[in-house]
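Work through these exercises with the model open in your viewer. Try each task before reading its solution.

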Amino acid sequence: MTQTEMIRQSSDLAEFREVFAKAKHITIITGAGASAESGVPTFRGAGGFWRKWQAQDLATPEAFSRNPSRVWEFYHYRRELMLSKQPNPAHAAIADCEARLSKQGRKVVVITQNIDELHKRAGSKDIHEIHGSLFKTRCTSCKNVTENYKSPICQALAGKGAPDPDTEDARIPVENLPRCKESGCSGLLRPHVVWFGETLDSDILMEVNNELEICDLCLLVGTSSIVYPAALFAPQVAARGVPVAEFNTQVTNATTQFRFYFKGPCGTTLPPALARHESEANF
């Protein structure tokens, strides 16, 4: 494919479907927009506050060091909220596509910036969570990472974390916050998420780069393309001459680099794009 063809952007679903039908290794990169229709708040931008703060005020190592109780209240609120949310049609379309294509010897890989585990709950199997998960903890002492779906995560947080601006901090003593269960440790736990100012896990980044090097179709779903290094992933694929299709409610600074652009909520635009193609055998 020539560079000229890459620049000619299309919103033609039939044209995308022909590319999709031939693809053997599809990488799907998802951001906050993929979960928006599930009612997942981002705590960024206009109105995106928890109490008086936005995510970038609380999701930092410094904030946790200064006030672990407040940061844990914030994450407790988000964990409890997520337990009440469900995957939306975009998550379902991706999971169904992976299951269907795997029977044809084709691969679908999800690279997500989201920490809500909605892809996993929808049934996706091959997922790279580059920013971690709300439902994993990491010990600040022994570094052990553990899945944790307890509700509440510790007794002291029960009923805490209300988002209203006039809510007082719970000021939970540090010894009553979530603690490590590893034998002989009992160190303070933190959410296993990548905070502002922290670097991504190098092993996950290597796996992601491998996927970006071998995919023959890339979908960019509901991402603002402003959080690095994830913002570089799809342009990296496009630079190889591989078709990239963006599904988003608005254009971004990266949109012009991609072969396809489909405007609208992902739960509406993605299912018809990933549905069974007429050329697929009946598995």
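**Exercise 1. The pocket lining**

Which strands each supply at least two residues of the lining of the second largest pocket?

Solution. Keep in mind that this is a predicted model.
- Step 1. Go through the strands. Strand 3 (127-129), strand 4 (132-139) and strand 6 (189-193) each give at least two lining residues.
- Step 2. Find the centre. Glu129, Gly132, Lys136, His192 and Ile204 lie nearest to it, out of 19 lining residues.
- Step 3. Sort the lining by class. Six residues are nonpolar, six are polar and seven are charged.
- Step 4. Add the volume. The second largest pocket holds about 360 Å³ of space.

**Exercise 2. The sheet beside it**

Find the order of the strands in the six-stranded open sheet, and state how they pair.

Solution.
- Step 1. Read across the sheet. The order is 3-2-1-7-8-9, and the pairing is parallel.
- Step 2. Mark the edges. Strand 3 and strand 9 (260-263) each pair on one side only.
- Step 3. Check the twist. Neighbouring strands are turned by 15 degrees against each other on average, direction ignored.
- Step 4. Look at one pair. Strand 2 (residues 107-112) and strand 3 run parallel and are joined by three bridges.
- Step 5. Pick out a facing residue. Threonine 112 stands opposite glutamate 129 of strand 3. Glu129 also appears among the residues nearest the centre of the second largest pocket.

**Exercise 3. Cysteines**

How many disulfides does the count come to?

Solution.
- Step 1. Set the cut-off. A disulfide needs two cysteine sulfur atoms within 2.5 Å.
- Step 2. Apply the cut-off. The count is zero disulfides.
- Step 3. Test cysteine 97. Its nearest cysteine sulfur belongs to cysteine 218 and is 13 Å away, so by the 2.5 Å rule cysteine 97 is in no disulfide.
- Step 4. Test cysteine 215. Here the nearest cysteine sulfur is again that of cysteine 218, at 5.3 Å. Cysteine 215 is in no disulfide either.
- Step 5. Check burial. Buried means under 20% relative accessible area. Cysteine 97 has 1%, so it is buried. Cysteine 215 is buried too, with a relative accessible area of 1%.

**Exercise 4. A tryptophan in a loop**

Is tryptophan 50 buried or exposed?

Solution.
- Step 1. Locate the residue. Tryptophan 50 sits in the loop between helix 3 (32-36) and helix 4 (55-58).
- Step 2. Read the accessibility. Tryptophan 50 has 0% relative accessibility, so it counts as buried.
- Step 3. Look along the chain. Threonine 167 is 117 residues apart from tryptophan 50, yet their C-alpha atoms are separated by 10 Å.

Key: Residues are numbered from 1 along each chain as its sequence is written. This is a predicted model: local features need pLDDT of at least 70, side-chain atom pairs count only at pLDDT 80 or more; totals for chains, interfaces and linings use all residues. Side-chain values use heavy atoms; hydrogens and water are left out. Buried means under 20% relative accessible area, exposed over 50%, partly exposed in between (1.4 Å probe, protein chains only). On a 1 Å grid over the protein atoms alone, a cavity is a set of points where a 1.4 Å probe fits but cannot get out, and a pocket is an open set with protein on both sides within 12 Å along at least five of seven lines; lining residues have an atom within 4 Å of a point. Grid points are joined across faces, edges and corners, and a volume is the space filled by probe spheres set on the points. Helices (H or I, at least four residues) and strands (E, at least two) are DSSP runs, numbered from the N terminus. Ala, Val, Leu, Ile, Met, Phe, Trp, Tyr, Cys and Pro count as nonpolar, Asp, Glu, Lys and Arg as charged, and the others, Gly among them, as polar. Two strands pair if DSSP finds at least two bridges between them. Axes are lines fitted to C-alpha atoms, for helices over the stretch in contact, and angles run from 0 to 180 degrees between N-to-C directions.
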